[in-house]
Amino acid sequence: MASTYDSFNLRTTQEKFYIEACDDGCVDVLAIDRVSTEMTLTVRRDIPASAETRPICGLMGTIRLVAGVYLVVITKKKKVGDLLGHAVWKALDFDIISYKKTILHLTDNQMQDNKTFLSMINNVLHTDGFYFATDYDLTHTLQRLANTSPEFQEMSLLERADQRFVWNGHLLREFIAQPELFVLLSEGIDSEGHAANYVETEQIVQYNSAKASFVQTRGSIPFYWSQRPNLKYKPKPQISKTVNHLDGFQRHFDSQIILYGRQVILNLINQKGSEKPLELAFDKMVTSLKNGMIKYIAFDFHKECSRMRWHRLQILVDMVAEMQDEFGYFLVDADGKVLLNQEGTFRSNCMDCLDRTNVIQSLLARRSLQSQLQKMGVLHMSQKIEDQEDFEKMYKNAWADNADACAKQYAGTGALKTDFTRTGKRTQWGLLMDGWNSMIRYYKNNFSDGFRQDSIDLFLGNYAVDEADWTTPLCDLKDWKFLTLPIIMVVAFSMCIICLLMAGDTWTETLAYVLFWGIASVVTGGLILFNGRDFIDAPKLVQKEKLD
């Protein structure tokens, strides 16, 4: 692998940025021209003595906004542990530095747009969960790394990385030809078969230099559908009627089979109500593929576990046990000899691929871990994980923390149902916390998700700012309903309360006033719900195709 470095100095002059590695023996310095944006390699003696110096932990890359190009650097990191002898870091703080020395050339509107874009980038950067390693490839599984060529091992981390899991890949596009002074961070589908909310989860065990891993994936139901906020608690999912679903669907599973082998789909959504059409369509499309490498299993999580019957999850675990044994897991001994390969994966989904999905993945991973620990000699054949109380608690908390991390990235709150993941049983306190998190999700889904989606689209390069031909996409002109209806509803509701507290001369007069203002509140609230999409925070940068 190409040389990598752990710490750097950013040295700034009026004309250039100089990035130098602090490691012993490194003489090359990356120079970035702040006017032409050209990048060249130079040496330390070429850095002017007047250059302002500050320590940084790494480069995230560059991004172009209305005011020009910005350099994004990591200014603070924390070591969170070691993976197979390699340090893994969490990026904690960042700085976004303009190439331009001033933004006075911008109009007031352009300055405001640039400020909004900067807040979008900061919003993504300060979403908890950016991890990196400077000398280990976090984007590939152990099994994939064990089956690579010597040429692959000599490639730089960026060249060989699985681009699905390089979150700052767009920001690094200008650095591809440079030394490794940067770091890698790790609804429905698109036309290339890439599923939304897609996550590859690898559970790794190391014991006396022997290593084992078990890989699972999760991702949105892989055809064209949407569930757009409209102020209702659970908006009705809409399946597109204007596109060919099968092309993207087949591309998705062709990719899954190439990367992971045989596929068992675990569809955990409801089999009645508004989710039922999605389940029926998913089943129909798997059947139409006629691919023996894919097996479809529908399990109505909410129905099976209703009335606190969470022990019924064992029904699904038992149903797939034989297939899980056939898939196996990856195992390599202390001498580096591969003993077992994982021959297939479970692809789980619910509606948002968070709460129900994580519960099932944790149960399958636990079953795999039981076999791995026995195979590695940690447990005797008669011993069970649940008998090791301290380890059992630590293990369950690790999976619950994983659930929270995924949920915070996508939904902005911790995961639901983590009381079961942490303790193995559903609790009243867990139900209360789920209710609280659900209320927060409702608010964020309707009133802040548009900004968050725009932030992600900008960061990932799905939307590119063209400073030379700038017309703002951020202007959001609301019609009269946006302010008028909420004001009328608040006034009517307030008057209804006042009439109740300050009774009239007769009860009939009081009742008449209460009924009038109460009906006005209800009618206005109904109009707001009917026109729900006019009140939510919708994305502005990337316009999604309107579904019939």
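How do the residues of the lining of the largest cavity divide into nonpolar, polar and charged? The legends below start there. The model is predicted.

**View 1. The largest cavity and its lining.** The lining residues divide into three nonpolar, three polar and one charged. They are Asn123, Val124, Thr127, Trp167, Gln409, Arg452 and Ile456. Two elements give two or more residues each to this lining: helix H1 (108-125) and helix H13 (449-460). The space inside the largest cavity is about 70 Å³. Rolling a probe the size of a water molecule over the atoms reveals where such empty space is left.

**View 2. The second largest pocket.** This pocket has a volume of about 530 Å³. Its lining holds 22 residues. Nearest the pocket centre lie Gln314, Leu363, Arg366, Arg367 and Glu386. Four helices give two or more residues each to the lining: H8 (313-327), H9 (355-375), H10 (389-410) and H11 (418-423). By residue type, the lining divides into nine nonpolar, six polar and seven charged.

**View 3. The largest nonpolar core.** This core has 33 residues. Leu266 and Leu313 have the most contacts inside it. At least two residues of the core come from each of strand S11 (210-218), strand S14 (262-267), H8, H9 and H10. H9 gives the most, with six residues. In soluble globular proteins, nonpolar side chains tend to be buried together.

**View 4. Leucine 266 and its contacts.** Leucine 266 is one of the two residues with the most contacts inside the largest nonpolar core. Its contacts, leaving out residues up to four places away in sequence, are Ile297, Leu316, Val320, Phe346, Arg347, Ser348, Asn349, Ile360 and Leu364.

**View 5. A second nonpolar core.** This core is separate from the largest one and has 30 residues. Among them are Met120, Val465, Trp470 and Leu541.

**View 6. Aspartate 434 in helix H12.** Helix H12 spans residues 428-447 and contains aspartate 434. Is this aspartate buried or exposed? Aspartate 434 counts as buried because its relative accessible area is 9%, and the cut-off for buried is under 20%. A polar atom of the aspartate 434 side chain lies 3.1 Å from the backbone nitrogen of lysine 417. Aspartate 434 also touches Ala415, Leu416 and Arg426, as well as Lys417, with residues up to four places away in sequence not counted.

How values were computed: Residues are numbered from 1 along each chain as its sequence is written. This is a predicted model: local features need pLDDT of at least 70, side-chain atom pairs count only at pLDDT 80 or more; totals for chains, interfaces and linings use all residues. Side-chain values use heavy atoms; hydrogens and water are left out. On a 1 Å grid over the protein atoms alone, a cavity is a set of points where a 1.4 Å probe fits but cannot get out, and a pocket is an open set with protein on both sides within 12 Å along at least five of seven lines; lining residues have an atom within 4 Å of a point. Grid points are joined across faces, edges and corners, and a volume is the space filled by probe spheres set on the points. Ala, Val, Leu, Ile, Met, Phe, Trp, Tyr, Cys and Pro count as nonpolar, Asp, Glu, Lys and Arg as charged, and the others, Gly among them, as polar. Buried means under 20% relative accessible area, exposed over 50%, partly exposed in between (1.4 Å probe, protein chains only). A polar contact is a pair of N or O atoms within 3.5 Å; within protein, one must be able to donate a hydrogen and the other to accept it, and residues adjacent in sequence count only if both atoms are side-chain atoms. Contact means heavy atoms within 4.5 Å. A nonpolar core is a set of buried Ala, Val, Leu, Ile, Met, Phe, Trp, Tyr and Cys residues joined through side-chain atoms within 4.5 Å.
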